[in-house]
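Here is a friendly walk through one protein chain. Please take a look at the sequence and the model before reading on.

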Amino acid sequence: MKHFGKYGEIVDSVIMKDRHIQQPRGFGFITYGYPSVVDQVIEENHINNGKQVIILAKFLKHCFKILKPQCIY
């Protein structure tokens, strides 16, 4: 998450883990506080531990109603 924090304020983040062995499953979710951050993150290539990171964006309506952040998942 440290890598993605340089783009803007992260208001929430979750790394998904296997519920039985508690090891990371290889993906997570980040919620940014500002819409412009999402576009910048999507446009750039990201490498973590020598592997390409695939960014998928999903904009949720409830984010705008509650906190007004832009969500990326």
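What follows covers the overall layout, a hairpin, the nonpolar core and two individual residues.

This is a predicted model, in which local features need pLDDT of at least 70, side-chain atom pairs count only at pLDDT 80 or more, and totals for chains, interfaces and linings use all residues. Residues are numbered from 1 along each chain as its sequence is written, and side-chain values use heavy atoms, with hydrogens and water left out.

**Layout.** The chain has three helices and five strands, where helices (H or I, at least four residues) and strands (E, at least two) are DSSP runs numbered from the N terminus. Read from the N terminus, the order is α-β-β-α-β-β-α-β. Of the 73 residues, 22% are buried; here buried means under 20% relative accessible area, exposed over 50%, and partly exposed in between (1.4 Å probe, protein chains only). The accessible surface comes to about 5700 Å², with 53% of it belonging to carbon and sulfur atoms; these areas come from the Shrake-Rupley method with a 1.4 Å probe, and for residues only the protein chains shown count as cover.

**The hairpin.** Strands S1 (residues 10-17) and S2 (residues 24-32) pair in the antiparallel sense over six bridges; pairing requires at least two DSSP bridges between two strands. Ser-13 has Ile-30 of S2 as its bridge partner. Six residues lie between the strands of this hairpin, where Gln-22 takes a positive phi near 60°.

**The core.** Ile-30 also belongs to the largest nonpolar core, seven residues that further include Phe-4, Tyr-7, Tyr-32, Val-37, Val-38 and Val-41. S2 and H2 are the elements that give two or more residues to this core, and H2 provides the largest share, three residues. Such a core is a set of buried Ala, Val, Leu, Ile, Met, Phe, Trp, Tyr and Cys residues joined through side-chain atoms within 4.5 Å.

**Two residues.** The table sets out the accessibility of His-46 and Asp-39.

| Residue | Element | Relative accessibility |
|---|---|---|
| His-46 | S3 (residues 46-48) | 1%, buried |
| Asp-39 | H2 (residues 35-43) | 46%, partly exposed |

The side chain of His-46 makes a polar contact of 2.8 Å with that of His-3. A polar contact is a pair of N or O atoms within 3.5 Å; within protein, one must be able to donate a hydrogen and the other to accept it, and residues adjacent in sequence count only if both atoms are side-chain atoms. Beyond its neighbours within four places in sequence, His-46 is in contact (heavy atoms within 4.5 Å) with residues including Phe-4, Tyr-7 and Val-41. As for Asp-39, its C-alpha atom is separated by 8.9 Å from that of Ala-57, 18 residues apart along the chain.
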